[in-house]
Amino acid sequence: MNFTLKIWRQKSPDEKGRFVTYEAHDVGSGMSFLEMLDGVNQGLIAKDEEPVAFEQDCREGICGSCSLVINGIPHGPDRGMSTCQLYMRRFPDGAVITIEPWRARAFPIIKDLVVDRRALDRVMQAGGYVSVNTGGAVDGNVLLIEKDQAETAMDAASCIGCGACVAACKNASAMLFVAAKVSHLALLPQGKPERTRRVKAMLDAMDREGFGSCGNQYECEAVCPKRISVRFIATLNREYLRAGVVESGLPAEPESPHAESA
Amino acid sequence: MKLDPKIPAGPLETKWDRHRFSEKLVSPNNKRRITVIVVGTGLAGASAASTLGQLGYQVECFCFQDSPRRAHSIAAQGGINAAKNYQDDGDSVARLFYDTIKGGDFRSREANVYRLAQVSAQIIDQCVALGVPFAREYGGQLANRSFGGVQVSRTFYCRGQTGQQLLLGAYSALCWQIERGQVTMHPRTEMLDLIVIDGQARGIVVRDLVTGRVSIQTAHAVVLATGGYSNVYYLSTNASGSNVTATYRTWKQGAVFANPCFMQIHPTAIPPGDEHQAKLTLMSESLRNDGRLWVPKMAVDHRPPGDIPAEERDYFLERRYPRFGNLAPRDIASRAVKTVCDEGHGVGPGGQGVYLDFADVIERQGQDVVHERYGNLFDMYNRITGEDAYRVPMRIYPAPHYTMGGLWVDYNLMSTIPGLFVIGEANFADHGANRLGASSLMQGLADGYFILPYTIGHYLATAKLLPVGEDHKESRAALQRVTGRISRLLNAKGRRTAASFHREVGKFLWDHCGMSRNKAGLELALRSIPALREEFWRNVVVPGSGEAFNQELEYAGRVADYLEFAELLCHDALHREESCGAHFREEHQTTDGEPMRDDTCFAHVAAWEYREHAVPILHKEPLAFEFVQPTTRSYQ
Ligand SMILES: Cc1cc2nc3c(=O)[nH]c(=O)nc-3n(C[C@H](O)[C@H](O)[C@H](O)COP(=O)(O)OP(=O)(O)OC[C@H]3O[C@@H](n4cnc5c(N)ncnc54)[C@H](O)[C@@H]3O)c2cc1C
Ligand code: SF4
Ligand code: FES
């Protein structure tokens, strides 16, 4: 197969970028999208030209490194997968494919298709953890956790931190990312003691980092490689309301109904 | 050089407790003034950095990815072992210890392995406390499954994403310590050399991968948690960034390297396709709990699998190893796959593959059960191959996966350079000649959460550590080594890409130092690698500059190290005139192809010392077995 690629090239953060056209020849249909790009890069390197910079590491959809907007869609045309899981058999022979980086205020471009996503780490540092010291934890079976509850927590915890949700959102909101972490920990007994502080701190950090607010358009869910459900955004909103109630000194409900609805 | 493993005396069961009690502690006030460098944020590095931060040390933590959460550990699928005996199926610390020693084919240290089994239970508790959503039973208890090579159910898991969840747990602990100011995180920063001053590890040279700036970071001690080197084979199941640079360059500064040839080839990866392929994808070992491996009895049989009747199928693992069947340990299963393929029974392109068939379990328990257990793996397989494994059997083939070898460490996880500690897959310590499934995550977290934080304290409390700085002559010399190398790479301006050299050296190793090895092949490799390396430095092309974001420069530096390290691997494989665990020397096998171990001559750790322009020097750490008797490891 052969493809025409329009790839965003930008030498450095301050320089203006532009699309450059490349031809990819003799691409096997069993090749992954990234292997196809490797091929283009090998050709450039052999000519002592700078290869296209892009991120990847695990190449199996779990590390969250890969991050390409393909034909306008973060992670490309298929649902529930990351860029590295996309194979060329998905494209018709001769197709023209545009490739761009994540675009969001909170993700400045470093080079070509590589962006700086440290803002997501800083949101995590604001509260995406259980403050527990190493050592002295009680036996893992002391607190029983309903199977369904554990499964729902696991659904939320599957987020790979890729940032596609941000790239897909008109407001460049990180709501789905934050919702996934807040819900994962709020659903488990271990995360409950800090839930009030956590939700506030993470949402504040999200604003501080320049992510926008949620416009309820659900583009995030559509591109999420782990199919994180927007229902977790509802959980996040309820956690936020609950935190407000707790902080005002009124009693929050003894056991939250959020779990079931998440 | 004498290798002193510093194993505490006394009964196995109490060594670690007594050792911990006799260790000196650093007073809380002094901890504030001590800086520790941790390189790596996988399970080992993230758990160590967060725990050291929590204890009050100032931690400087490094990784080459853009976020610590992306370390290669994230990709582990199957699970983590712990001797909890929640299933009441006869598990215990002693049994986990014994399984690990035996699984490692009696080439690991008893004291280390026993300690690993002891702390395993605590790891699960710690992870649960951090909010790791382990699989649960209907009654709410933690669920377990059994995993390759053992007969008890002691593996804890989070669907097929156990590594992800354990790493995110450790990463969240790290986030907390970053927020508290105890850990300073340096993502996108690569360690390129070690600084040794007055015989002690006192810092590292790093390159900021965004700006290209090379700088010096000094500290009171250095911890390497930089993972394994399977990628020396070019194609492996590891993330593409995993590499040998940190440990290899440290080796050149005097830390000895142990058992480099102990290289685990995992039996169940998706078979290789064309030459553009960049990596091999692992299909979790847990699939062997329910899938059955087979090949057509007739060689070069091109019928579709469904057309081959049962009596014309060879369920070769069940046939050769009736007691363990499809759950035979990795090394044994991989070799058995290679044997049937070499004899012409392989299926799929190039005859490199065997079937992993789920028809029986689907018939017995239904597709839903299989979907619940392995849904994401079946999806992954479908995406890559375009085939539906609920209908046609999967095809699998062995792939380089994990490195038991690594930098030599003593019982305290300290290398031969005082102040340099090595944890996780980067060290050689616990798995002998073969690692059991679900034991690496266990070891990484054992080292990082529960062992290193104690043992490093003793060193810091007792070592005499003078102030050192960036302008020390050893710091400058290390910096110069790094900048010199970078400009050599950029100035070679040849015609071949680094990847082409990587592919070539990888293929060489796979052919001559892979699943089976012989003297002639290893000698050929040792003659050929230097020539390839020489060509690399003459003919490699690396575009761009060193003072900017330059992924090809990073990669070329790693390939340069593979080209040297490959030789060390072959030296080690050549010296070990026996077959043990993953190391199979064709000269040493029984008439029916089973490996022959030689305890009289080779019950030792082979630890290699670097010599400039000369063959490395071999040191031997004898392995004494006081508590278990080495037996022939039979799974038949
Ligand atoms: C596909 C797959 C599945 C697996 N499944 C299982 C399983 O189910 N159970 C199990 O027990 N084990 C499993 N393993 C093995 C296990 O995942 C690894 O052995 C383990 O995660 C290694 O952890 P680590 O912390 O030692 O290193 P890694 O996770 O490899 O981390 C290395 C770290 O070091 C950093 N680093 C490396 N070099 C440098 C440098 N020069 N400068 C700066 N930073 C550097 C990296 O950025 C990274 O942060 C699996 C492995 C693979 C490949
Ligand atoms: S929520 Fe989905 S899209 Fe957003 S960071 Fe997580 S995995 Fe990526
Ligand atoms: S490269 Fe890891 S998720 Fe794509």
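**Entry 1: the A/B interface**

I started with the area buried between chain A and chain B, and got about 6,200 Å² for this predicted model. Carbon and sulfur atoms account for 51% of that area. I then asked which residues of chain A lose the most area to chain B. They are A:Glu60, A:Thr134 and A:Lys147, and together they make up 11% of what that side buries. For the contact itself, I noted 71 residues from chain A and 75 residues from chain B.

**Entry 2: charges and polar pairs across A/B**

Next I went through the salt bridges between chain A and chain B, and the count is 8. I looked up one pair by name: the side chain of A:Lys147 meets that of B:Glu372 in a salt bridge, with N to O at 3.6 Å. That passes because the rule asks for a Lys or Arg side-chain nitrogen within 4 Å of a carboxyl oxygen. A:Lys147 was already in my notes as one of the residues of chain A that lose the most area to chain B. For polar contacts between the two chains I wrote down 41 residue pairs, both residues at pLDDT 80 or more.

Which elements of chain A supply at least two residues each to the side that touches chain B? My list has helices H1 (33-46), H2 (118-127), H3 (147-157) and H5 (175-186), plus strands E6 (109-111) and E7 (114-115). H3(A) gives the most, with 7 residues. Sorting the residues on that side of chain A by type, I got 35 nonpolar, 18 polar and 18 charged.

**Entry 3: inside chain A**

I moved on to the domains. The assignment splits chain A into domain 1 (3-111) and domain 2 (118-247). Their centres, taken over C-alpha atoms, are 29 Å apart. Where the domains touch, domain 1 of chain A brings 17 residues and domain 2 of chain A brings 20 residues.

I looked up the buried area here too: about 1,400 Å² between domain 1 and domain 2 of chain A, with 62% from carbon and sulfur atoms. On the domain 1 side, A:Arg79, A:Ala106 and A:Phe107 lose the most area to domain 2, together 32% of what that side buries.

How many salt bridges does the rule find across this domain interface? I got 0. Polar contacts between the two domains come to 2 residue pairs, both residues at pLDDT 80 or more. Last, I split the side of domain 1 that touches domain 2 by residue type, which gave 9 nonpolar, 5 polar and 3 charged.

Note on methods:
Residues are numbered from 1 along each chain as its sequence is written. Chains are lettered from A and ligands numbered from 1 in the order in which they are written. This is a predicted model: local features need pLDDT of at least 70, side-chain atom pairs count only at pLDDT 80 or more; totals for chains, interfaces and linings use all residues. Side-chain values use heavy atoms; hydrogens and water are left out. Contact means heavy atoms within 4.5 Å. Buried area is the accessible area (1.4 Å probe) that two parts lose on being put together, summed over both. A polar contact is a pair of N or O atoms within 3.5 Å; within protein, one must be able to donate a hydrogen and the other to accept it, and residues adjacent in sequence count only if both atoms are side-chain atoms. Helices (H or I, at least four residues) and strands (E, at least two) are DSSP runs, numbered from the N terminus. Ala, Val, Leu, Ile, Met, Phe, Trp, Tyr, Cys and Pro count as nonpolar, Asp, Glu, Lys and Arg as charged, and the others, Gly among them, as polar. Domain bounds come from an automatic or database domain assignment.
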